[in-house]
Structures are given as structure tokens and as C-alpha cells.
Amino acid sequence: MSESNAYAEAGVNIEAADKAIELMKVWVDKARRPEMIGGLGGFAGLFDASALTRYERPLLATSTDGVGTKVAIAQAMDVHDTIGFDLVGMVVDDLVVCGAEPLFMTDYIATGRVVPERIAAIVKGIAEACLEAGCALIGGETAEHPGLLAPDEYDVAGATTGVVEADRLLGPGRVRPGDVVLAMEASGLHSNGYSLVRHVLLGAPADGGAGWALDRDVPELGRTLGEELLTPTRIYAKACLDLADSVEVHAMSHVTGGGLAANLERVMPEELVAVLDRATWTPQPIFDLVRRVGDVSQPDLEATLNCGVGMVAMLPAAEVDRAVGVLAGHGVRAWAAGHVSSSDTDGGRVLLTGQHPGW
């Protein structure tokens, strides 16, 4: 065995990796900021931090995440240029809740076999999502793991860094009694709870699933099941930063794994309670479909899925109308879903009351 092909015979194709880099360069170049130095090929991404000198006390924020089992849907449908929106949405919108502007992001793609066109499609989605979020795709890594992953399997992860002025940091300390809980509409399931969704809708009947196929036309959804499940995560970064700049915002919460109540509780002061009325919104049909087809109880559904709310802000009641207008300008529908009050018994909790119309 020659030294040049030993690695290839072990299952790692360096030439395919090089081709993937060439194919993705055009997309990475689109996801740049002026502070980004250099391009692909270095050992580390470089970002000119002198831009931070305009801050009096800059706080750096960082977040890392993946997409979870939603990648199984992308692989089954052989559609790979949308999963990047899920990855970017998961990390940049975790930063935004504290008021931080996402500056740059790095990604990591692990696969059983490098197919250059597939890797380039994944990076295309990541780069386009970074552009939508306003951050630079400053670097990344593609790793070929034969034997650990099947040839057509892959997983993605990413990390992002942002900055916020210390005296503009959002969080529980700013929340006050009388604040309104402003809900922002999700684009769909986003990227959480797919293990439950896949079990309910795609799982074999013998295992308690419906056994549906991804190409099944579902009248309630107005499209195929696969198209619905692959709907990209909404990226709220620019909308929420504009919101924080335009109105008085006290705290925000990104609704991911664990559902609406659990994530909102992460930014609730111990002495206050938030009460949300389900009657103020109707979740998209996919949520009711999972509930009915899987006979999933509402508490289980709400503890797993976002149920139509992808982001939440808490702000003074006088700011609600202006806030709704700001978000509408970014194509994000928002509404007053509840309020914050003092509590001696339910402090720190989020209570869901009422029922969604039609449920």
C-alpha cells in the first residue's frame, strides 16, 4: 500500500475534501463582515476586534449548538441547503436574548463520506443564514469519519460569538410587574423535538408510530410531510436587535428544547410570575397534527415543542404597539400573549392558561 493512497483505502478521501472547500468558497465569501480578515484555508478565523473600541464596556457572549435529529429528515429527502438555517438560528438567537449582536460563527460538519456537492450545499445554507443574521462565517471544519458514521450520514454543529454593551444587557434583573409577554411567531417546528415528531409520524405502527412517508401529501399542511418537517428555523437576530434598539425591552427568551414555559422561566425573576393565554394564538397545523396522530397530551407537547412561538420578549405595556410594528417590519408576526405580575406562591414560574382556538 503506497503512502499516497493509504488514507483513502482507510476510507478518508482528501481530494474530495479539497473539492468541497473549493465549492463552498463562493458561499463563505458571501457571509463576510468588514472585520473579517483573510478567508478559508487558515488554521484559525481572524476577526478585527478593534471594532469593539466603540463600546464602553463590551461583554462577549458565546453560544454553541447543533440541529439534532432534524438532520435525519434532510438526509432522507436528500435536501441539504436548508439545514444551515436551523444551525445558525439555534446559536445566534441564543445570543440575541441578552441583547448581544452576533459577530462571527464557526461550523463543524462530521460525515461518513465527503461528497463535495453535499458539503457545499450544507455550507451554502449556513452562509446564507449567517448573512440573514448579520454575522460572518469565519471558519469551520469538515471531518470524514468512516466507520463511525454511515457513508451518507452527517451531523452539524456550530458556535458563535457576539457582543453587548454592559449597561444594555437584557435579563431577569430588568423584568418588572406589569410587563407584557410579547410572543413572536415560529416558522414551524424549528429544530427541537424531532425525536418525538419522527416517532409519532414516521415511526413504524408496530412501535406506536403512524408509519407515514415523507412524500405523503397532508391536506392540513398544504404540502408533503417532508416539506413541512424541513421548514427552516426562523432567524430572529436582526429583528430582535432592532427591537431592543427601538423600544424598551427588559428580557427575551429563545424558545427551543423544553418548550415555551420552560425557556421563558430561564429569564424570570424568582419573585414574579408570567401568565400566558393560549387563546391569543393558534399554533401551526403541524403541532395539532402531532398531538392528534400521536395522542400526545398537551403538557407533553408543550414540554417538547415550541407550539408556534419561537421567541418571546418582555417589555412595558406602553411599548407593545410600537414593538409589534418594529417586528412586522422584519416580517415577524407578534402579539401580546400574557403579562407579568408579583407572586408569593408561583414566583419564577410561567403559567399557561386557556386553550388555543380550535383545540
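The following questions and answers examine the cavities and nonpolar cores of a predicted model.

Q: Why is E302 called buried?
A: A residue counts as buried when its relative accessible area is under 20%. E302 has a relative accessible area of 14% and is therefore buried. This residue belongs to helix 11, which covers residues 298–302.

Q: What makes G258 a contact of E302?
A: Contact requires heavy atoms within 4.5 Å. Leaving aside neighbours within four places in sequence, E302 is in contact with several residues, including G258, G259, L260 and R278. The C-alpha atoms of E302 and G258 are 7.6 Å apart, although 44 residues separate them in sequence.

Q: Why is E302 listed among the residues that line the largest cavity?
A: A lining residue has an atom within 4 Å of a cavity point, so E302 is listed on that basis, together with L260, R278, W281, L305, N306, C307, L352 and H356. The largest cavity contains about 50 Å³ of space, and the structure holds two cavities of 30 Å³ or more.

Q: How are the lining residues of the largest cavity divided by type?
A: Five are nonpolar, two are polar and two are charged. Glu and Arg count as charged, and the lining includes E302 and R278.

Q: What makes the largest nonpolar core a core?
A: Such a core is a set of buried residues of certain nonpolar types, joined through side-chain atoms within 4.5 Å. The largest has 72 residues, and L243 is one of those that touch the most other members. Helix 5 (residues 116–133) gives the most to this core, with eight residues. A second, separate core of 21 residues includes W281.

How values were computed: Residues are numbered from 1 along each chain as its sequence is written. This is a predicted model: local features need pLDDT of at least 70, side-chain atom pairs count only at pLDDT 80 or more; totals for chains, interfaces and linings use all residues. Side-chain values use heavy atoms; hydrogens and water are left out. On a 1 Å grid over the protein atoms alone, a cavity is a set of points where a 1.4 Å probe fits but cannot get out, and a pocket is an open set with protein on both sides within 12 Å along at least five of seven lines; lining residues have an atom within 4 Å of a point. Grid points are joined across faces, edges and corners, and a volume is the space filled by probe spheres set on the points. Buried means under 20% relative accessible area, exposed over 50%, partly exposed in between (1.4 Å probe, protein chains only). Helices (H or I, at least four residues) and strands (E, at least two) are DSSP runs, numbered from the N terminus.
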